[in-house]
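Please look at how two protein chains meet. Then follow one residue at their boundary.

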Amino acid sequence: MSINNPKIKKQTLAAIFIWLLCLLTSIWLVIKTPINNDLISFLPQTDAPSKSLLINQLQEGMATRLLLIALEGQSTTAIKASLSKRFAQELRNQGLRVFNGERVDNHQNLFAYRYLLSHQISAERFSAESLSRILQQRLYELSSPISVFEKHLLPSDPTGEFLAILQAWQGMSQNQPEKRYGVWFSSDGKRALLLVDTIAPAFELDAQESAIKLINNTFMRVNTDDDADLLLSGPGVFAVASRETIRSETQMLSIAASVIVALIILLTYRSLRLLLLSALPLLTGILVAVATVSLLFGQIYGITLAFGITLLGIAIDYPIHVFSHFQSQARIWATLGLSVITTAMGYIAMISTDFSGLMQLGVFAIAGLLSAAAFTRWVLPNFLPQTWYLPDTKWLTALLFPPRALVVLFSALGFIALIALFTITPVSWENDLAALTPIPAPERALDKTLRAELGAPEISQLVVITAPDAETALQRSELMQEEFKVLINKGFLKAYDMAAHYLPSIQTQQLRQAALPERAQLVTALNQALQTLPFKLGLFEPFLQAVEKARTMPPLHPDDLKGTDLGLRVSSLLFQTGNSWVAIVPLMGITADVSGWFEEHNYNNIYYLNLKTETNRLMVDFREEALERVAWGVLLIILVLWFGLKSLRRVVIVLLPVALSIIVDVVILSSLGTQITLFHLISLLLVLGIGIDYSLFFNRPDREIAMRQRTLHALLVCAISTIVVFGLLALSEIPVLKAIGETVGIGVFVSFLMAWALAQ
Amino acid sequence: MTIGIKTIYKFIVTLILCYPMILIAATPAWSLEQLMQSLSAIPSRHAYFTEEKTLAMLKKKLIIKGFLHYEAPDYMKREIISPQHEIYEIRSDELLINRGERRLALSDYPVFKAFVDSFRATLAGDLPKLRQHYRIWLKGKKSDWVLSLYPSNQKLARYVKIIKMSGSFNRIVKIETLESDGDHTLMILTPYLSP
């Protein structure tokens, strides 16, 4: 390419201009692109869109806002208990809601509502016989030593409604941890336990991070005598930690990978300029890809970004092809073009799906690949040095033609793997979303222990009641109480919790008000009851007044509870989402599959949800859809290759090593005991693309020895750098990165050998 | 002689005035520490009790009868046989009513716990614990002493004014409780051998 030719120069300038324009536009778009880190909405929304939406909302609910804290150390239980109290107080002072077992008596304002909240209220309760029986009981209680502290309630609440309410609430939270010195402790007494409500849902990472920082700083301030260590867990901690781990680990790995690849390229090509140029296609590809997705979808999923960049890994190879074929660039464009188009075709199938996540990924990969390739073809050559020669490649001659024995061996290996795939090592799919968390196993174990000790099991099975307003939701919850009683009696579950336990619907409160007797009637009944009892005359005047007042007072509304502990409890079980209200009923101690029961009864507006199976089902759906799309993609690839190579025989020659490599890759992974996840699947797509590239290049019709040497040289550099990059990922502790690294590392290694050995 | 009579008279008056001091000087020293030590020497106690409660809410006194049982260091049982049958048991931090009909953690009710400890810590001879919640006065001699506990804990003082235990040697024979609202309880204890 001569720079002196003015026409070409014009074209060159145009290409560079367009590239710069694209780049700047992309950068501008990328800066504005919001990243959606929500895994669930990335996954498909299949049968009932409202259902998956509901799951999403639940995961933003109360459970994800809680942080679990343990204070551990050599000091005595008493010291840890007082530390727990001081710590909790300090945190409360800073606006966090903290639960550590200390009894907080802030239910006093509810005392006035006792005749509306107590489930014991009925007209019969205030009859002379009933009052007589109850007051006889109260008289007995006066002989107890506790009466010293409780008898002051007697004149205003002789029927004991307030105590009954408190006891009922306490019964709802039976799973609470043991107490020592008035605060929660693990059963072995070694850890003081606390729960903190961060107010912000777990996915609001910045809010979580500042809450965690606040907790740590406060603890440092309180723990002046170094009495204990702070253990912290919970969804928020995990979310922040995974962000940190992923950030620091990807940073470290990408720096290491860049350095090594840079060294490889520098040693191979001995040119600083080429080194700098080699990174440009990938960078251009990523920028354009993000910009395109942003333009089409208005946002990009964090996962699309991660998967997409993985898939674009192939773009490292494009400049290497050019460098190795420096003296004969014009002769590789056709092969490179076919390789790029074929790979891009593989992703077209992804676009035609309903899953926005998969669609984004398809668009990302295609836009990235095409722009990287276009850059390599039209812009990169203009920046190449005028006088530069590829270092000697003659030493590769011996490797040009693999020995016959190797060819047979590799084909045999491939076919053995194929047989193994169907017989010995069945592929096992990992369906558990949780398995993909980057949180190390010991920390997950700690979380599990703390959860068990705190009696705060993850809400995994629940019933969701939807309604247009809070009142209807409460009424529907109350109607379900009978049904739950049946389930408990059948032994299907041990307990359940619901907002209506704490706050009855207004309808129910009004029914109770209607059941309260008029003053005159109550006086008559009370006097009759008191005839045989030693209580002094006029003692119960406060009671008479309270009942009279309760008859007409406005019922308690959810809003009245705002800011109280009870309000917190109620709002975690009853909340508004969009235009509708949701009441959730966590089911505890489930011993049988109750999904059938709910299917059978088909209650209106009431759904049973098993969060784990639901999210896992979403994952399976996504995978199946992705697999189907990949199958269509492969068909497209075959068609494009057929069109490009103009011979079905050559299509088979090109694709055979690719197919065998993927099979060998899967068999190796499976025999290593790896559960195949979505991330492995996406990585296999990259292996497919790279494999086709290698195979196309090895099978180039060019018979000239020098040309073949250059091709082998290029592919060796490509393979080595790819294996190094992904091999480093395989060393990562983060399951996702490890999965991608292993799959691509092994896959590319095998692909190279297969393509080399089986090339014609 | 008149002077002599006067002198004798003066001497007698002085003697009478000084009698308590002489008495105190004559009996061996009887300290709180010693009482506590002698109380703690008995790891297990059984007693029959009659309790008389004078309550402002009631027209008549409440008479309660039953048994008390103590087992060092922190078990107490109060079994009422009249006017109704009822069992209260306290073991460490747990209060059990009627063998589990109602179950409370004492630490949830710090005021009640301090009240319980007035008895439990006395029986265990645990002076430091007693001093956590009460100011303590001991009067009398070894064979006839009165231990008065005044709540120093503000919250407890809201309910209880004074707890007065009377005893002889290592035996407690009477416990009087005066509540802040004027209600009053008198408990008479008679030791009995556990069956």
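In this predicted model, the contact draws 28 residues from chain A and 33 residues from chain B. Together the two chains bury about 2600 Å² between them. Carbon and sulfur atoms account for 62% of that area. Which three residues of chain A supply more of its buried area than any other three? They are Ser143(A), Phe149(A) and Lys151(A), with 24% of the area that chain A buries against chain B.

Charges and polar atoms also meet here. Between chain A and chain B there are three salt bridges. One salt bridge joins the side chains of Lys151(A) and Glu179(B), at 2.3 Å from N to O. Twelve residue pairs are in polar contact between the chains, counting pairs with both residues at pLDDT 80 or more.

Which helices of chain A each supply at least two residues to the side that touches chain B? They are helix H6 (128-141), helix H7 (147-150) and helix H8 (161-172). The largest share comes from H7(A), with four residues. By type, the residues on this side of chain A divide into 15 nonpolar, eight polar and five charged.

Now turn to Asp183(B). This residue sits in the loop between strand E10 (171-179) and strand E11 (184-191) of chain B. Is Asp183(B) buried or exposed? Asp183(B) counts as buried because its relative accessibility is 4%, and the cut-off for buried is under 20%. A polar atom of the Asp183(B) side chain lies 2.9 Å from the backbone nitrogen of Ala56(B). Leaving out residues up to four places away in sequence, Asp183(B) touches Lys151(A) across the boundary. Within chain B, Asp183(B) touches Thr54(B), Leu55(B), Ala56(B), Thr177(B) and Leu178(B). Lys151(A) thus appears in two places: in the salt bridge with Glu179(B) and in contact with Asp183(B).

Here are two of the distances side by side.

| Pair | Kind of atoms | Distance |
|---|---|---|
| Glu179(B) and Lys151(A) | side chains, N to O | 2.3 Å |
| Asp183(B) and Ala56(B) | polar side-chain atom to backbone nitrogen | 2.9 Å |

Finally, take chain B as a whole. Chain B has five helices and eleven strands. Of its 195 residues, 39% are buried. Chain B exposes about 11100 Å², and carbon and sulfur atoms supply 61% of that area. How many of the contacts in chain B between residues at least 6 apart in sequence join residues at least 24 apart? The share is 37%.

Conventions: Residues are numbered from 1 along each chain as its sequence is written. Chains are lettered from A and ligands numbered from 1 in the order in which they are written. This is a predicted model: local features need pLDDT of at least 70, side-chain atom pairs count only at pLDDT 80 or more; totals for chains, interfaces and linings use all residues. Side-chain values use heavy atoms; hydrogens and water are left out. Contact means heavy atoms within 4.5 Å. Buried area is the accessible area (1.4 Å probe) that two parts lose on being put together, summed over both. A salt bridge is a side-chain nitrogen of Lys or Arg within 4 Å of a carboxyl oxygen of Asp or Glu. A polar contact is a pair of N or O atoms within 3.5 Å; within protein, one must be able to donate a hydrogen and the other to accept it, and residues adjacent in sequence count only if both atoms are side-chain atoms. Ala, Val, Leu, Ile, Met, Phe, Trp, Tyr, Cys and Pro count as nonpolar, Asp, Glu, Lys and Arg as charged, and the others, Gly among them, as polar. Buried means under 20% relative accessible area, exposed over 50%, partly exposed in between (1.4 Å probe, protein chains only). Accessible areas come from the Shrake-Rupley method with a 1.4 Å probe; for residues, only the protein chains shown count as cover.
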